[in-house]
Amino acid sequence: MKFDFDKIRSEFPILNTKIKGKPFIYLDNAATTQKPICVINKIQEYYSEVNSNIHRGVHYLSQKATMEYEKSRTIIQKFINAASNDEIIFTKGTTDSINLMAYSFAKKYMQSGDEVILSMMEHHSNIVPWQIQAEDRGIKIKVVPINDNGELDIDAFESLFTSKTKLVSIIHVSNAIGTINPAKEIISIAHSHGVPVLLDAAQSIQHIKIDVQDLDCDFLAFSGHKIYGPTGVGVLYGKKKYLNEMPPYQGGGDMILSVSFDKTEYNELPFKFEAGTPNISGVIGLGSAVEYVNSIGIENIYNYEKELLDYATSKINEIPGIYIVGKAKEKCSLISFDLNGVHPHDIGTMLDNDGIAVRTGQHCAEPILCKYGLTATTRASFAFYNNKNEVDSLIKSLLKINNFFN
Ligand code: PMP
């Protein structure tokens with residue numbers, strides 16, 4: 001399939017706007033991605049023509065809304081190659097998916113003293129839910145260290161397993177430094193110890209082909225807004241054998257078959273984990289976003305972004321005194337850096353004056369920044385609608401900032 005950059009660019013209305021009189025250059029894609037017109041239209045169409053509550057109405061629009069909602073489930077099931085629709089749970093996003101997992105998995109399978117393995121490069125949303133379980137249930141957290149390039153120490157990982165290890169919960173791609181972790185190897189090592197794996201795919205789902213059956217991944221979490229869909233919606237994929245045994249995370253409508261004050265019977269999968277009226281328009285918008293990604297091809301996206309990352313890395317490295325944080329061999333399309341100690345907030349503000357949006361701070365990943373002795377970095381993150389001209393504009397602005405401060 002041909003990668004038609006001009007066509008793609010024209011499909012994202014926000015990218016053709018101006019910021020402070022300058023053409024908008026959006027390099028904050030790891031925080032959230034922009035939305036193509038088909039997603040925007042789909043959501044508008046839903047509220048103008050379809051809006052109704054799902055799963056419980058006999059009237060026409062309720063059935064139509066239900067059909068579209070369930071169609072999104074199938075689109076996502078096929079996108080990640082899950083074995084069944086029942087394994088796709090809609091949530092509010094990655095954070096919600098991991099909280100569901102921590103609560104429900106720990107309640108079913110973990111006792112005081114049991115262990116979960118995380119890594120040094122986790123996002124806070126894959127640390128704090130486990131700390132809550134540590135407080136409530138007495139579980140223990142073990143942490144895989146990383147080397148100076150920002151790669152997981154796989155030997156150390158192997159040595160963390162004990163008879164008490166019940167789960168590995170690990171980030172696929174680091175939002176702070178871009179490392180792509182070797183998911184297949186991690187899963188195979190964990191399985192050799194009889195331990196299932198949850199993959200935080202918040203930063204990989206939009207860049208890398210994910211086949212949960214090929215990976216033999218037990219659980220996978222991601223957010224709609226990182227893959228060109230709306231905010232407030234996400235997915236938890238889980239193998240049926242676990243989801244069937246795990247208790248519900250929240251109680252309410254839709255997640256039950258029958259309720260009485262004596263005994264309540266829970267609904268079957270996936271509804272057992274979707275209590276209450278869900279984000280219907282969000283789920284439908286997410287389906288449209290994934291169809292859009294399919295129309296371009298996730299492999300085409302990966303290849304284009306890889307070339308852009310290589311170009312940006314070599315250009316950024318030419319800036320005197322710049323230090324790229326995270327130099328893993330396998331990296332996704334983001335660059336975190338320190339520019340001669342200039343405060344990232346100053347860099348971010350000055351780039352903003354040139355119409356360039358980047359992220360500055362600790363990227364909800366304080367432990368890994370701490371490991372590098374930093375409290376903040378500047379992060380430029382790229383999507384397939386960015387190009388080399390935009391990278392050149394970033395470099396030009398960074399050179400200007402560097403001259404100003406040094
Ligand atoms: N994990 C990673 C790796 C992330 O990058 C993010 C978002 N920055 C999250 C989890 C949390 O995602 P959300 O805020 O959409 O729930």
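An oxygen atom of the ligand lies 2.7 Å from an N or O atom in the side chain of H225. The protein covers 85% of the 390 Å² of accessible area that the ligand has on its own. The model is predicted, and in it the ligand sits in the largest pocket.

**Polar contacts of the ligand**
- T95 places a polar side-chain atom 2.5 Å from an oxygen atom of the ligand.
- T94 is involved through its backbone: one of its polar atoms there is 3.5 Å from a ligand oxygen atom.

**Shell around the ligand**
- H225 and K226 are among the residues around the ligand, as are T94 and T95.
- The list also includes H123, S125, I171 and N175.
- D200, A202, Q203 and S223 belong to the shell too.
- Sorted by class, this shell has 8 polar, 2 nonpolar and 2 charged residues.

**The pocket that holds the ligand**
- The volume of the largest pocket is about 340 Å³.
- It is lined by 23 residues, of which A30, H123, N175, K226 and C364 are the closest to its centre.
- Two elements, α4 (94-109) and β16 (359-361), each give two or more residues to the lining.
- β16 provides the largest share of the lining, with 3 residues.
- The lining has 13 polar, 6 nonpolar and 4 charged residues.

**Residues named in both settings**
- H123, N175 and K226 are around the ligand, and these residues are also among those closest to the centre of the largest pocket.

Terms used
Residues numbered from 1 in each chain as written. Predicted model: local features only at pLDDT ≥ 70, side-chain atom pairs only at ≥ 80, totals over all residues. Heavy atoms only, no water. Near = heavy atom within 4 Å. Polar contact = N/O pair within 3.5 Å; in protein donor to acceptor, adjacent residues only side chain to side chain. Areas by Shrake-Rupley, 256 points an atom, 1.4 Å probe, with all protein chains shown as cover. 1 Å grid on protein atoms, 1.4 Å probe; cavity = no way out; pocket = protein on both sides within 12 Å on 5 of 7 lines; lining within 4 Å. Sits in = over half its atoms within 2 Å of the grid points. Nonpolar A, V, L, I, M, F, W, Y, C, P; charged D, E, K, R; others polar. Points joined across faces, edges and corners; volume = space filled by probe spheres on them. Helix = DSSP H or I, 4+ residues; strand = E, 2+ residues; numbered from the N terminus.
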